[in-house]
Amino acid sequence: MGKTVSFLQMKDGTREDYLMLDQSERDFARGLPERIMEGLAKLDHSLEGYKVSRLEHSLQSATRAEADGADTEMVVAALIHDIGDELAPYNHAEIAAGIIRPYVRDEVTWVIEKHGIFQMYYYAHHLGGNRNARDEFRGHRWYGICERFCESWDQASFDPDYATKPLAYWEPKVREIFGRKAHDPRYVKSAA
């Protein structure tokens with residue numbers, strides 16, 4: 001174990017303790033792109049029952065987004081939109097949104113956070129649920145973008161014959177987004 005803080009309770013920490021922890025956190029954050037890639041790779045052995053793995057679904061979603069001309073932020077968001085499935089199957093969208101939030105504009109985060117509700121349109125009625133739950137957001141400025149995300153990229157990406165770009169192809173884009181300084185105002189801002 002490396003250097004540690006002097007305190008047993010945070011309230012007793014010194015400036016030196018918190019400077020050391022801040023540096024440690026920044027050093028750790030530099031490894032985020034690798035951890036994202038590892039998390040995506042784990043989706044290859046995740047939820048079963050579909051004709052493709054969760055990884056293949058994620059790769060297809062990103063491939064479709066890129067083919068439709070989406071910008072890098074939205075393409076990477078499409079790639080990681082289900083990364084939370086491993087640990088939070090019932091609120092995976094919130095987990096994915098929380099991961100990407102410090103690195104992209106608000107619009108992208110909102111779409112990822114809400115995609116689970118919007119995606120219910122395609123299946124909830126088969127299970128006795130409300131397929132129109134997304135209507136609570138009707139009128140929101142990003143409603144149409146989320147609707148398109150689900151229609152064109154998410155719900156359409158379960159085709160084992162779709163020509164999908166491999167995980168390695170996406171690594172530079174993952175590094176570009178998650179290599180940014182967190183909360184950098186050049187990237188993290190509300191879309192007009």
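Which residues make the nonpolar surface patch of about 280 Å²? I looked this up before anything else, and found Met10, Tyr18 and Leu21. A reminder to myself: this is a predicted model.

**Entry: the patch**

I followed up on one of the patch residues, tyrosine 18. Helix H1, which covers residues 15-29, holds tyrosine 18. With a relative accessible area of 31%, tyrosine 18 is partly exposed. The cut-off for exposed is over 50% and for buried under 20%, so the 31% of tyrosine 18 puts this residue in between.

**Entry: the whole chain**

I then stepped back to the overall layout. I found eight helices and zero strands in the protein. Read along the sequence, the pattern is α-α-α-α-α-α-α-α. I had the C-alpha atoms boxed along the principal axes, and they fill roughly 55 × 35 × 35 Å. The protein has 192 residues, and 42% of them count as buried. For the surface I noted about 11000 Å² exposed, with carbon and sulfur atoms supplying 53% of that area.

How much of the contact set joins residues at least 24 apart, counting contacts between residues at least 6 apart in sequence? I get 67%.

**Entry: the segment before H1**

I looked up threonine 4 next, and it is found in the segment before H1. Its relative accessibility is 48%, so threonine 4 counts as partly exposed. I also checked its separation from aspartate 85: the two are 81 residues apart in sequence, and their C-alpha atoms are 33 Å apart in space.

**Entry: aromatic rings**

A search of the whole structure gave me 11 aromatic pairs. One of these is formed by tryptophan 110 and phenylalanine 118, with 6.0 Å from centre to centre and 80 degrees between the planes, an edge-to-face arrangement. I checked the exposure of tryptophan 110 and phenylalanine 118, and both are buried.

Phenylalanine 118 also pairs with tyrosine 143. Their ring centres are 4.9 Å apart and their planes stand at 55 degrees, so I logged the pair as tilted. Phenylalanine 118 belongs to helix H6 and tyrosine 143 to helix H7, so this pair ties together parts that are 25 residues apart in sequence. I noted 0% relative accessibility for phenylalanine 118, which therefore counts as buried. Tyrosine 143 is buried as well, with a relative accessible area of 5%.

Which residues do ring pairs link into a cluster along with Trp110? My list reads Trp110, Phe118, Phe137, Trp142 and Tyr143.

**Entry: arginine 134**

My last stop was arginine 134, in the loop between helix H6 (106-119) and helix H7 (143-154). Is arginine 134 buried or exposed? Its relative accessible area is 6%, and the cut-off for buried is under 20%, so arginine 134 is buried.

I then listed what arginine 134 touches, leaving out residues up to four places away in sequence: Ile117, Phe118, Tyr121, Tyr143 and Glu147. Two names here, Phe118 and Tyr143, I had already met in the ring cluster. The side chains of arginine 134 and tyrosine 143 are also joined by a polar contact of 3.4 Å.

To close the page on tyrosine 143: I have its side chain in a polar contact with arginine 134, and its ring in a tilted pair with phenylalanine 118.

Terms used:
Residues are numbered from 1 along each chain as its sequence is written. This is a predicted model: local features need pLDDT of at least 70, side-chain atom pairs count only at pLDDT 80 or more; totals for chains, interfaces and linings use all residues. Side-chain values use heavy atoms; hydrogens and water are left out. Helices (H or I, at least four residues) and strands (E, at least two) are DSSP runs, numbered from the N terminus. Buried means under 20% relative accessible area, exposed over 50%, partly exposed in between (1.4 Å probe, protein chains only). A polar contact is a pair of N or O atoms within 3.5 Å; within protein, one must be able to donate a hydrogen and the other to accept it, and residues adjacent in sequence count only if both atoms are side-chain atoms. Contact means heavy atoms within 4.5 Å. Patches are made of residues with over 30% relative accessible area and no salt bridge: like charges are joined within 9 Å, nonpolar side chains (Val, Leu, Ile, Met, Phe, Trp, Tyr) within 5 Å. Accessible areas come from the Shrake-Rupley method with a 1.4 Å probe; for residues, only the protein chains shown count as cover. A salt bridge is a side-chain nitrogen of Lys or Arg within 4 Å of a carboxyl oxygen of Asp or Glu. Rings of Phe, Tyr and Trp (its six-membered ring) pair if their centres lie within 6.5 Å; planes under 30 degrees apart count as stacked, over 60 as edge-to-face and the rest as tilted.
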